[in-house]
Structures are given as structure tokens and as C-alpha cells.
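User: I've got a protein model open and I'd like to walk through its insides with you. Can we take it one question at a time?

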Amino acid sequence: MNRLAGVTSPYLLQHADNPVDWWPWGPEAFEEARRRDVPVLLSVGYSACHWCHVMAHESFEDEAVAAYLNEHFVPVKVDREERPDVDAVYMEAVQAATGQGGWPMTVFLTADAEPFYFGTYFPPESRHGLPSFRQVLEGVVAAWTDRRDEVGEVAGRIVHDLSQRSLAHGGEGLPAESELAQALLGLTREYDEKNRGFGGAPKFPPSMVIEFLLRHHARTGADGALQMAADTCEAMARGGMYDQLGGGFARYSVDREWVVPHFEKMLYDNALLCRVYAHLWRSTGSELARRVALETADFMVRELRTTEGGFASALDADSEDAQGKHVEGAYYVWTPAQLREVLGEDDAAFAAEHFGVTEEGTFEEGSSVLQLPLTGPVDEARAADVRARLLAARELRPRPGRDDKVVAAWNGLAVAALAEAGAYFDRPDLVERATEAADLLVRLHMGPVARLVRTSKDGRAGEHAGVLEDYGDVAEGFLALAAVTGEGVWLEFAGFLLDIVLEHFTGEGGQLYDTADDAEKLIRRPQDPTDSATPAGWTAAAGALLSYAAYTGSEPHRTAAEQALGVVKALGPKAPRFIGWGLAVAEALLDGPREVAVAGPVGGELHRTALLGRAPGAVVAAGETSGSEFPLLAGRPMLGGAPTAYVCRHFVCDAPTTDPEALAEALRGGGS
């Protein structure tokens, strides 16, 4: 047992029994490297990472490799999901030095935490142009021993280069109509007309880009934007990336046709996609969108909810196959013979056609990933029966491992998705699950001064400070919950978090940093405005700041949001796929966003109509006007004793209305 035995990270605990003498990230490890005059081996990964498991099994469980490592290095293990700041800083160095990145990430550092040699996965024997891990270790030891001056020069140059990368500001002024039109044009050029989605293989779910497309259509009426969003959502939902039996999405498709997924299931993907499909249904009434939104919500609650009411981070890609070997996708794939064993000949033939299971297989060793390739008429009752029987049979297979740590940011995304899905589809149980997760974030992750901790596990708060994405995404979740429940306390909690953003994460020009000004000092203060698998902290904070300002009229929060959105003006036209949430927030800015006050009962027809409005980023407050929880409701009485809606934007208000149809018309967006 090494020094990882007492940590909260499931990923680090996976390595607690390694013969490698791992240290967690901290000053003690670097002091030990200084005392012994040896370099630090930094290994970064996460629990659902397939190649992290492979390298661990091949190298970190090998006694000879471990002995060499322990003698010549101080090995440090980092969970990138617990320490996204450490991951971001060294990943930037890896990408700058090698032109690519990924996990596992392998970096060699001096005792001052300065990097001098980089890589990702290294095999146990040299192959495919990669040196073996042992060769890499021996080469680093030789350089450290014989060419220490050169090592120091390389490390100093890398740190200097990284320090020059700080974004003084994201751009000049606010994103305007022209930048958003250019972004749409850029997306159109990268759109895969045949297979849907954007770019080639591997193909990732473009959740935040779809949010932008839906909002852009609502504001401008651009039919092409809605078509790209709807067609991409249908392709993903019919492909192998979507779990056709149990609901929920895998991380990405390894091919451009959406056939074979990388099987790990992440909370953040499913939260973002649940919300996307709910918003698509709101825009189009698509029954497929409704089904996928609800199945994804139910997947999160069934598979990822923890005993404490939060949501676990991920399910592994790997699980045991019939021979007891850990294999990627074993839990999810089927052969024709397996279908016959569960269903009998006739229903197996039906299922094979319905789900695209072939004799040659679409995955490995003759197995197939289930899809919905057929778009014609289907015997829905028979399909539902087959699906239920296959799901019951799958439940008997060894399950993939679960990373039980609760990440604040990702739980904020889940709160927003479940609250809205519950409200849209009359599922109060989903709103309850969102509220319980939000309660956990307040009780366990927010201290008495509203400073977030990044993670918790088994009801125990982690030691690592929250980063900007935690503040932005949790505030987003609280604001969505306030809109749905009419409970102003969630608006208040969002305000606490956003005040911390203004005080500790914002630079002089309005630029944002990923870590607080009083956080642990790394070789540089990380700062990344681009959206990747999740909204960047920068754009997440901008969206929450804008909504909070609309709710409260706070000028400092509105100004901070506008300053942060300068980066969208700069990047939106050039790289729209990588700033999708920023573009979605910019759409809200251009539309107002609209402020909707519903004086009347929470959950009533007028309140529901307001929540279903498509105007980009509209904020909704509902409830009694006599209270002080929502500034939007102040001084706005019911007319003639009937529930009444007030809609305002850009300091101009429509006439109040008691008519749900009139309210719906006011919230359709400018493109209606």
C-alpha cells in the first residue's frame, strides 16, 4: 500500500496497491524530490480512461518497472478530474512540445515543478514508433545525471514560453450579429452532410454547439441552424454512441458514422445532452428528442446517483466479458448468438434487423453495438418487449466500474438538466433529484464563505479548491432550479458564487482565470476560454453572470458578463466548434436576455408557458409578488386576481398579460 490509500479520488485509489511508491500532488512530494535530488514523474489520468488502465496494468503493476521508478524518481499521481488546474497547465506544455495531448499524460518535472520531458501513453515494449516506458525512464535518468544544465535550460524555456500565453483580453467589444453569423457559416462548412455532426473521426457530441444553433434559430429564424441541430441529434440518438437499451450516451464515436463508441459514460456528457434534447423538443416537439431527454435523465438517476444525492462522475468503458477478461464495451455489445439465447429465433431475427446486429459484427470479434438504423415503420410494441428482455439479460452481466466522486461543476450541469426536463415533461421526481443534488452542493461543497471544493466522495468533502468551471456551472444549475421551483434561495446561492467569481477569478481587463487569485500557485495561472467536453469556466461564468444580472438588475454582474464575452467576438468566427457555449451565451446577450416575471402559482399554466419559451437565455421568476426572493417580481401584481406575466428586455417591458398564448408568442424569439 502506497501513499494513495487515504485519498478520496477513485482513480488514485485504483493505484493504491501498485508497487510504485506513488505520492499525491502536494509540496511534500516536491520536497522529497529536492531532498533526494531526483526528478518527479507526473502521471495524470482519470478513472474511466481506457488507456490509463492499460498503462497501469502494463507498467505500474510491473515489479521491475516499479522498482526502477521508485529508485530514480518521485512518482506523483494526479486525477485530472480532481485537479483540472494541474492537468491544464501541464497538458498545455505537452501539446506545445509534441503537437498532441491526451491521457494518460506522462510528464517529467524538476523539484520546482518545471516540466522538461513529455508524453502520453508509453507501451511496455517499443512499438508503433513509441519507445518503451522503461527506455523513456532510462533516457530521463541519463539526461538528469549527465546533462543537468541542459535539463534546466529546457525547463526554464518551457516555463517562460507558457508564461507568455496569458490572455490579456478575449477581444475588442461585444460579439455582434456579424460574429454570430460568421460562426454559423463556419459551422456550416464543417458540417458532415452525410453523417451529421461536425468534423471527422473521432466524432464528439457537439452539445454546446447545438445549444448555439437552437438559440440562433430562435432569435433569427435561420432554418439551416435548426436543421443541423435536429439532424445531428437524430444521428447521435440512432447511433451506437447512444445506449439503445438503458439510455445515456458514451463519450464519443470512434468513427464519423456514429457507429462504434468509446464506451465510457461521463456525467457531464449526459447532463449536457439531456438538456440539449429537452431544448430540441421545446423547439420542435420531436418525439425522439423527448424520449432521449427522458431516457438520459433516467439513466443519470438510475446509474450515477450516489447515496448522498449527488451524481457520480463516470462509468468505465471496460468490464468483464464471458471469459472473465476486462474488455472495452463487453457490457454493451451483442452477437447474433447472444440475441438468440435471450430471445429465441424469431425475436432474435427481428432484434438483429431493428438494432443493426450482423453476423460479421460492427465492433470486435463479431460483436455489434446496438443502433437504430431503420427509419421506416416499426412494430413498436414488439420492439419495446425485445428491448426490455435484452436489458434484463444485460443486467446479469458484470457491470462496468463506477467513479463515485462527485464533481461540483458536473453536478451543476446535472441539476440544470434534470430541473428543466422535470418541468418540461411533468416529472416532479426529476426536479426532486435536481434539488437533492443542489442541496448536497450547498451542504458539502460550499463552505461558510461560499468557497467551493471541487469534489466529494461518500459524503466527505475533498481537499481541492473549486475552479472557475465549478463556480460557473453550479451557479447555472442553481439559476435553472430557481426558475423551475420558484425558490429564490437558489438565486441567492448563485449570487454568492458569482460574487466569488468577481472577487477572485476576474482580472483587470475583465479576463477570467481558471483558478482563484489565492489558489495554489502553479508554474502559470491556467486560463482557457475554449469549450471542449464541457463549457469552459470562462464561458460558463459568463452565462451565469448574464442570467443573474437579468434576474437582479445588478450592473457589476452584467458588466462582467459583457467583458468576458469579448473572447467570443475574437474566437467565434474563427473556431466556432470550440466556443459553442460562449456563442450560446452571446445569443442570449443579443436577445436581452428577456426577463419574465410570473405573478401567480409556481407550476401553473402561465409559469409552464414561460419555462417553455424559446427566447435565448430568458430568465423566469414565478411566485407571490409580496416576497423579496425575486427582484423581478417586486411591484408586479396579478391583474384582476388572475396569474399575470410581465416580459421585459433592454429596459423596455411589454404590456402584462394573463393569456398563456400571448406569453408564448412573446417568448418564441425574434425568428418566429
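User: What volume does the second largest cavity have, and which residues lie nearest its centre?

Analyst: Keep in mind that this is a predicted model. The second largest cavity has 15 residues in its lining, and these divide into 9 nonpolar, 3 polar and 3 charged. Nearest its centre lie G240, Y242, D243, Y332 and V369. As for the space inside, the volume is about 120 Å³.

User: And which element supplies the largest share of the lining of the largest cavity?

Analyst: The whole structure holds 4 cavities of 30 Å³ or more, and the largest cavity has about 500 Å³ of space. Of its 32 lining residues, R215, R275, E420, G617 and A618 are the closest to the centre. Several elements each give at least two residues to that lining, among them α9 (207–220), α11 (267–284) and α18 (468–485). The largest share, 5 residues, comes from α18.

User: How many residues in the lining of the largest cavity are charged?

Analyst: R215, R275 and E420 are among the residues closest to the centre of the largest cavity. Going through the lining by class, you get 19 nonpolar and 6 polar residues. The charged ones number 7.

User: Let's go to the pockets. Which element gives the largest share of the lining of the second largest pocket?

Analyst: That pocket holds about 600 Å³ of space. Its lining has 23 residues, and D321, A322, A330, V333 and Q338 lie nearest the centre. By class, the lining comes to 10 nonpolar, 5 polar and 8 charged residues. Two elements, β11 (326–328) and α13 (336–343), give two or more residues, and the largest share, 3 residues, belongs to α13.

User: On to packing. Which helix contributes the largest share of the largest nonpolar core?

Analyst: In soluble globular proteins, nonpolar side chains tend to be buried together. Here the largest nonpolar core has 179 residues, and those with the most contacts inside it include F73, F133, L213 and Y551. Its largest share, 12 residues, comes from residues 408–424, which is helix α16.

User: Which residues is F73 in contact with, beyond its neighbours within four places in sequence?

Analyst: F73 is one of the residues with the most contacts inside the largest nonpolar core. Setting aside neighbours within four places in sequence, its contacts are R36, V38, P39, L41, Y68, F108, L137, V140 and V141.

User: How many residues are in the second, separate core?

Analyst: This other core includes V89, Y90, M105 and L522. Two of these names, V89 and Y90, also turn up among the buried residues of α5. The second core has 29 residues.

User: What is the distance between the end C-alpha atoms of α5, and why does that agree with its length?

Analyst: Helix α5 covers residues 84–98, so with 15 residues at 1.5 Å a residue it should span 21 Å. Its buried residues include P84, D85, V86 and M91, and what covers them includes β2 (40–45), β3 (74–79) and α7 (148–163). Just after the helix, G99 takes a positive phi of about 80 degrees. The end C-alpha atoms agree with the expected span, being apart by 20 Å.

User: Is L546 buried or exposed?

Analyst: L546 sits in helix α20. Beyond its close sequence neighbours, it contacts R558, A561, V585, A588, L589 and P593. Its relative accessibility is 2%, and the cut-off is under 20%, so L546 counts as buried.

User: Where are the cis peptide bonds with omega of about 5 degrees and about -10 degrees?

Analyst: Most peptide bonds are trans. The bond with omega of about 5 degrees precedes P104, in the loop between α5 and β4. The other bond leads into P202, in the loop between α8 (177–190) and α9. So the pairs are W103 and P104, then A201 and P202.

User: E365 and A450 have positive phi although neither is a glycine; is A450 buried or exposed?

Analyst: E365, with phi of about 55 degrees, lies in the loop between α14 (345–355) and α15 (380–394), and its 81% relative accessibility makes it exposed. A450 has phi of about 65 degrees and is found in the loop between α17 (428–445) and β14 (455–457). With a relative accessible area of 7%, A450 is buried.

Conventions: Residues numbered from 1 in each chain as written. Predicted model: local features only at pLDDT ≥ 70, side-chain atom pairs only at ≥ 80, totals over all residues. Heavy atoms only, no water. Helix = DSSP H or I, 4+ residues; strand = E, 2+ residues; numbered from the N terminus. Expected span 1.5 Å × (residues − 1). Buried < 20%, exposed > 50% of the residue type's maximum accessible area, 1.4 Å probe, protein only. Contact = heavy atoms within 4.5 Å. 1 Å grid on protein atoms, 1.4 Å probe; cavity = no way out; pocket = protein on both sides within 12 Å on 5 of 7 lines; lining within 4 Å. Points joined across faces, edges and corners; volume = space filled by probe spheres on them. Nonpolar A, V, L, I, M, F, W, Y, C, P; charged D, E, K, R; others polar. Core = buried A, V, L, I, M, F, W, Y, C linked by side-chain atoms within 4.5 Å.
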